[in-house]
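Trainee: Could you take me through one part of this model closely? I'd like to follow a single strand and what lies around it, and then look at how some helices pack.

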Amino acid sequence: MFDLVVRGGTVVDGTGAPPRVADVAVRDGRIVAVGELGDVAAAEVVDATGLLVTPGFVDVHTHYDGQITWDETMEPSSVHGVTTAVVGNCGVGFAPVRPGAEDDLIRLMEGVEDIPGAALAEGISWGWESFPDYLDVLAQRRWSIDVATQLPHGALRTYVMGERGVRNEPATGEDVDEMARLARDAIEAGALGFTTSRTLGHLSSDGLPVPGTFADDDELFAIGRAVAAGGGKVFEVAGAGISRHDDPDIVRTELDWMGQLSESTGLTTTFIVLQHDDDPGRWRAEMDRAAEHRSAGRQVVPLVAGRPFGVLFGWDVRHPFSWRPTYRSLAHLPLAERAAELARPEVRAAILAESDVEPPGLEALFHEFIVTTIDQAYVLGTPPDYEPGPERSLGAIAEARGVPVLEAAYDALLEDRGRSMLLRAVFNYTEGDHGALHEQLLDDDAILGLDDGGAHCGTICDASIPTYALTHWVRDRSRGPRMALEEVVRRLTAQPAALYGFDDRGVIAEGRRADLNVIDLDGLRLESPRAVHDLPAGGVRLLQDAAGYRMTVVAGEVTRRDGRDTGARPGRLVRG
C-alpha cells in the first residue's frame, strides 16, 4: 500500500523531458513508482487530471538565516512551491559568532538585506558560537520545507579578526590560516559552500562594507581550498560588478579570479548577474567570460533573476511622502483609516506642499533615491505587471495628466483603497522590457534564482519568482518570447539541486525524495504584494500570495493544500 498516489497528472519531471501523463506513487517519503499504476491502494489518492505535477522547487538564494530560528512555515517561499531553500548567501549570516558580538552580525544583515534589526534581535534565540554549533541548533528545528546552509565570509571574518575584520583591514597569515581551518570545520559539519560579497552596494546599517569586500586572493583562495578539502560544493560571489565600483579594474577582472579559483579547487564558483543602468552591457561580458571558463573545464556559473530586481513603494512600506510632517502624523493609523484621511483634499494638498523632515542614517540615502527617481516607477497594478510598457511609468502618467510627478504618485498610491503599489525597477530593466532577462535565460547553465526570500522585507517580495516563472515566462508574456514549460521546471528543480549536490531530489523518478507540487497551471496567478506586521518586534514585511497550487508535498507529507499551510513540518536541516 502506498502513502500517496497522485493520479493522472501531467508530469514535468525536472529533467527537461517533455510533459507526460502519469501516476506518481509515494511511500515512506520517497517516490516508489511513476507510470500507469492502475487501481492501487493508497492512504490518499489525488486526482490530478488536467493538473501539472512537478518536483518541489529548490531555491538556492535565500536569506532566511534569522527567520529559520523562529519561524516554521518559511513563508513566502513555501507559498510558491519551494521545498528546499539554501541560506547564507552574499557573505552574510549568523555563524560563527563570538559571545557579545551578535549585534555586529545583526547590523550586517540589517544593512545588506534590509531585514529589520529589531526583528532579528528579538526573534533570534542564538545558543551557538561555532558554525557546527549553529548547525546542531538548526538540526533541532522543524519547518514546512528543508533548509541547507552556507558559510558566510562576513561572519567568519568578524569571528576571526574582530573589529579589524569589521573594518576590512588586511588579514594576516595567521588570520587566513584560522579562517581556512574554521571553513573546513563548517563544511565537514554540513555547510554546502562558502559565500562572499565584493560589491560596495552591500553595507551594514553602520554604513560599512561587508567584511571580506576587499579580501585579497590569498585569503579567498585559502578559504576556497579549505572548502574543497572539507567536501564543499559552491563558492558564491556577490561580485563588485553588481553596482558601481571605485576601481573599474576590479570589476573587469573579477571573473578571472573566479575561474582560477574554480580550476585550483574544483569548486563551482557562482556569481550574481544583474543588468545595471550605468553599464547595461556588462552582464553580457560577464556571462561570456563565464562560458569561456566552462568550455575550459572551470565551473563558473551565473545566477540570474526571473524578473527585474525592483523595489516596491506603498503606504505601508517606504514611499515618497514618508518623511512629510502631515503624513507622519497619520502614519500610526490602520491602512484603511489612513487611506481615507489621505484622500481628503486638504490632507492631500498639505502633504504635496510640504518639505521632508531629515531621515536618519542610511534611510536618508534610500529616501533620496525614491524621490529623485520616482518618475521611473511604474504602477504595479492588479494583477501585478512586472513587464509594464513605458506608458505605465509615473513620468508618462504625470505628463499625460499635466501634473507634477509626485502628485501622480500620490494619486496612484491611493488606488485600490490605498493598497496600490509602485514598482521601481533597479536592475534588469534598462530597455524597459524583459529582453535582457530572456537573453540571460538562454544560457543553459545559468541558474534561475536570486529570489532573496526572507530579505529586503519592506521593499521586495521576489520569493514569488517561481510562480512568476511559470505564469509569465511560460504562459502570459506578450512583449517577447516565452520559454518552454519543461525548461522552466528544470531551472526550478533539477538544475539548482545538482548545483548543490542534492542528488536525492529535484526530479520525479523512482527512489527520489517525494518533494512535489500539484499545480493548476491554467488557474495559476500571482496576487498583489501586501504588507503585514508579523515579524518579531512588529516588523513589517511584504508577502505575495498565489492561487493555483493545489498541493505541495515535502518528503511525502502534504504541507500545503489549496494555498493553505497544513501544519505538517517534515522539513529538516540538510547537511552536506
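Mentor: Happy to; what follows is a walk along strand β10 and its partner strands, then two helix pairs and a small sheet. Keep in mind that this is a predicted model.

Let's begin with strand β10, residues 193-197. The strand is mostly covered, with five of its five residues buried. Look at the two faces in turn: G193, T195 and S197 lie on one side, F194 and T196 on the other, and all of them are buried. Now turn to the neighbours in the sheet. Strand β9, residues 151-152, pairs with β10 in the parallel sense through two bridges, and there you will find L151 opposite F194. Strand β11, residues 234-238, is also paired with β10 in the parallel sense, here over five bridges. In that pairing, G193 of β10 stands opposite V234.

Next, the helices. Helix α6 (residues 173-189) and helix α7 (residues 217-229) have axes that come within 8 Å and cross at roughly 30 degrees. That angle makes α6 roughly parallel to α7, and the crossing is right-handed. On the α6 side the contact involves V176, M179, A180, A183, R184 and I187; on the α7 side it involves D218, E219, A222, I223, A226, V227 and A229. Sorted by class, this contact has ten nonpolar residues, no polar ones and three charged ones.

For a second helix pair, go to α18 (residues 465-476) and α19 (residues 485-492), which pack at an angle of about 160 degrees with their axes 10 Å apart. The two are therefore roughly antiparallel to each other. Here too the crossing is right-handed, as α18 passes α19. From α18, the contact is made by P466, A469, L470, W473 and V474, and from α19 by L485, V488, V489 and L492. By class, the contact of α18 with α19 has nine nonpolar residues, with no polar and no charged ones.

Finally, have a look at an open sheet of three strands, ordered β14-β16-β15 with antiparallel pairing. β14 (309-313) and β15 (378-379) stand at the edges, each with a single partner strand, so one side of each has no neighbour in the sheet. Between β14 and strand β16 (residues 422-427), the antiparallel pairing runs over five bridges. If you want a place to start tracing that pairing, F309 has F427 in β16 as its bridge partner.

How values were computed. Residues numbered from 1 in each chain as written. Predicted model: local features only at pLDDT ≥ 70, side-chain atom pairs only at ≥ 80, totals over all residues. Heavy atoms only, no water. Axes fitted to C-alpha atoms, helices over the stretch in contact; angles between N-to-C directions. Helix = DSSP H or I, 4+ residues; strand = E, 2+ residues; numbered from the N terminus. Parallel < 35°, antiparallel > 145°, perpendicular 65-115°, else oblique. Left-handed = near helix turned anticlockwise from the far one by under 90°. Contact = heavy atoms within 4.5 Å. Nonpolar A, V, L, I, M, F, W, Y, C, P; charged D, E, K, R; others polar. Pairing = 2+ DSSP bridges. Buried < 20%, exposed > 50% of the residue type's maximum accessible area, 1.4 Å probe, protein only.
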